[in-house]
Amino acid sequence: NLAFNAGMTKPSCLVKPVSLTRIPGRYLTHQEGLPKLPVPPLNQTCDRYLAVLEPIIESEELNQTRTLVEEFQRPGGVGERLQQGLERRAHKAENWLSDWWLQMAYLDYRMPVVIHSSPGVVLPRLEFSDRQGQIRYAAKLIAGVLDFKTMIDNETLPVEYLGGRPLCMSQYYRVLSSCRIPGIKSDSVVNYASNKTPPRHITVVHNFQFYVLDVYNSDCTPLTVDQLYVQLEKICNSSLQTNKEPVGILTSNHRNSWGKAYANLIRDKTNKESVRAIQKSIFTVCLDAPMPRASDDMYRTRAAVQMLHGGGSRWNSGNRWFDKTLQFIVGEDGACGLIYEHAPAEGPPIVALIDHVVEYTKKSDIVRTPMAPLPMPQKLCFNISPELKKDIEEAKQNMNIMVQDLDMKVHVFSYFGKNIPKSYKLSPDAFIQVALQLAYYRMYQHCCATYESASLRMFRLGRTDTIRSASVDSATFVRAMDDQSIQKVALLEKAVKAHRAYTDMAIRGQAIDRHLLGLKLQAIEDLSALPDIFMDTSYAVANHYNLSTSQVPAKTDCVMCFGPVVPDGYGVCYNPMEEHINFAISAFNSCADTSATRLAHALEDALLDMKALLEQTPKAKL
């Protein structure tokens, strides 16, 4: 199962074509200057593969795998043939991986996007004294997104850099005016941004009812915050009763079920037009009803589940269109954030957009201008046949089962942040990852396959590769940590530096996971049988990520969250701030062996113990 913090919207050819002409501007010139994603040397990947198996595979199995790997990479063998095929593909394609990855990790993945694929983001809590407060904030938020959109449209988005190298900016051009479309066996993604007449509206959902809100005046200027406020108020006043049939909840179902229901839904002309209006919209704003009250320390956890799934059919799960790439959520009770469909983009571009919008909402309002009356936003109508009613009931039940099963814990680690590892010249991300290894080891007495997403945006159309946090060095450290007789500081330092080295290797396109996947997919295209190396138990264990993790740093004091990628695993996302770290940890209640709260406590202890270890050593020595 590869549908975790990663993904790829297809370059135009596989996205349903929606006019392919872009005005050649700075964006294209910049993109063409980026290097192509390399295909790493076969022997290098084979050696590194054996090294990452060492901490997670029993020695007998590992010996068997060694034999298979040697066989696979021998001169003139099957590995060499597949490698050559991959190199030919890399020569011809703009990015040898991107189409495959989008298809495999997202569009062919049939689990619901809710919890299993789409990440949510919790913003700092706001206090609204009344519904006016909710609407006023939503109006500012919309204006902030439109302000960011202007930079995308004018191609004036500042190019991002990593280690002095420019990054691919294509994901920014894919998150607005785009939507996932369900299919019976596989989905697709459409993007309307480069249409001859790009969309000028957003969709607003309130009480399970969808509205089209035009956000541009006839002279193409965006509506002001005041104008947006007036329009949102009209929407709220005309949707005071909740809609009996929350059509939006269909988007939370298993993809095959939703694909069938979708074909059914759009047979009706009115429904088809309503669905098309949602798909085409620039983004969606969900004006949520208040959720059950939570104590202050539970508040962020409750907000996280509201962003991830809406809380179930009784609460806000019907107030969504989960296929929409971007949905901003503004709760009447001040819970705010967003959820995004993962196929078009990773977390960092989404967070850059959030940082911009949050700054924008803090600006004081500009002088009020006299306003010409604006037309009433259009309500989208749906004709619900008995068959669709049945589909909606089924989706509600399935959603409620998923809601019950998600074990979520947002934990603010308040003792220190990036400041401590940095004061010892250690990478904060590597320090946190080693702490995760220690926490997991203490809970289960063994190391597990761990996924951390690494950005491949140094390359054209680059998405992610895997940083494998369970290393020989991290395993040596975590096994030694609770043994009083061993000097551990050097082991900790070595583990942190090994993680940092793997990260550097991954962002330069030299990690092993996407390469192995490429060889496997090349084999599926070329050969009748899969090479033994991919049928081996070790390969299955290596890809069963009990820890699926991602660092998503933001200027805003927010945290991203996502579900585990295996039934007995954890999803861990974190935002390291200067003096604290926001963690969102998820697990499934249906697994007796996992507990998000237990891992949160173990992680806190691990971080504090590692800091204590560093403090025993004078800084000059490190």
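## A tour from cavity to sheet

About 50 Å³ of space lies in the largest cavity. This is a predicted model, so treat each stop as a feature of that prediction. The structure holds four cavities of 30 Å³ or more. Empty space of this kind is found by rolling a probe the size of a water molecule over the atoms.

**Stop 1: the largest cavity.** Select Leu37, Pro38, Pro40, Trp96 and Leu97, which are among the residues that line the largest cavity. Now add Leu456, Asp465, Gly509, Gln510, Ala511, Arg514 and His515, also in the lining. What classes of residue make up this lining? Seven are nonpolar, three are polar and two are charged.

**Stop 2: the largest pocket.** Move on to the largest pocket, with a volume of about 970 Å³. To find its centre, select Leu162, Pro348, Ser455, Gln551 and Pro553. Of the 43 lining residues, these are the closest to the centre. Next, colour the elements that build the wall. Strand 2 (161–162), helix 11 (347–362) and strand 13 (450–455) are among those that each supply at least two lining residues. Strand 14 (464–468), helix 16 (489–507) and strand 15 (547–551) do so too. Which element gives the most to the lining? Helix 11 does, with seven residues. By class, the pocket lining has 19 nonpolar, 13 polar and eleven charged residues.

**Stop 3: the six-stranded sheet.** Keep strands 13, 14 and 15 selected. They belong to an open sheet of six strands, in the order 12-18-17-15-13-14. The pairing in this sheet is mixed. Strand 12 (406–413) and strand 14 stand at the edges. Each has a single partner strand, so one side of each is left without a neighbour in the sheet. From one strand to the next, the twist averages 25°.

Zoom in on strand 15 and strand 17 (residues 570–576). They run parallel, and five bridges join them. Select Leu547, then look across to strand 17: its bridge partner there is Tyr570. Strands of a sheet pair through backbone hydrogen bonds, either parallel or antiparallel.

**Stop 4: a hairpin.** For antiparallel strands, select strand 6 (residues 201–206) and strand 7. Six bridges join these two. Strand 6 and strand 7 form a hairpin, with two residues between them. Click on Asn207 in the turn: Asn207 has a positive phi of about 50°. Then select Ile202, which stands opposite Leu213 in strand 7.

Is strand 7 (residues 209–214) mostly covered or mostly open? Mostly covered: five of its six residues are buried. Strand 7 also pairs with strand 11 (residues 378–379), through two bridges, and these strands run antiparallel. Select Tyr211 to see this link; its bridge partner in strand 11 is Lys379.

**Stop 5: the cysteines.** A disulfide is a covalent bond between the sulfur atoms of two cysteines. How many disulfides does the model contain? The count comes to zero. Select Cys336 and Cys286 to see why Cys336 is unbonded. The sulfur of Cys336 is 11 Å from the closest cysteine sulfur, in Cys286, which is too far for a bond. Cys336 is buried, with a relative accessible area of 1%. Finish at Cys561, which is in no disulfide. The nearest cysteine sulfur, that of Cys573, is 7.6 Å away. Cys561 is buried as well, with a relative accessible area of 0%.

Conventions:
Residues are numbered from 1 along each chain as its sequence is written. This is a predicted model: local features need pLDDT of at least 70, side-chain atom pairs count only at pLDDT 80 or more; totals for chains, interfaces and linings use all residues. Side-chain values use heavy atoms; hydrogens and water are left out. Buried means under 20% relative accessible area, exposed over 50%, partly exposed in between (1.4 Å probe, protein chains only). Helices (H or I, at least four residues) and strands (E, at least two) are DSSP runs, numbered from the N terminus. Two strands pair if DSSP finds at least two bridges between them. A disulfide is a pair of cysteine sulfur atoms within 2.5 Å. On a 1 Å grid over the protein atoms alone, a cavity is a set of points where a 1.4 Å probe fits but cannot get out, and a pocket is an open set with protein on both sides within 12 Å along at least five of seven lines; lining residues have an atom within 4 Å of a point. Grid points are joined across faces, edges and corners, and a volume is the space filled by probe spheres set on the points. Ala, Val, Leu, Ile, Met, Phe, Trp, Tyr, Cys and Pro count as nonpolar, Asp, Glu, Lys and Arg as charged, and the others, Gly among them, as polar. Axes are lines fitted to C-alpha atoms, for helices over the stretch in contact, and angles run from 0 to 180 degrees between N-to-C directions.
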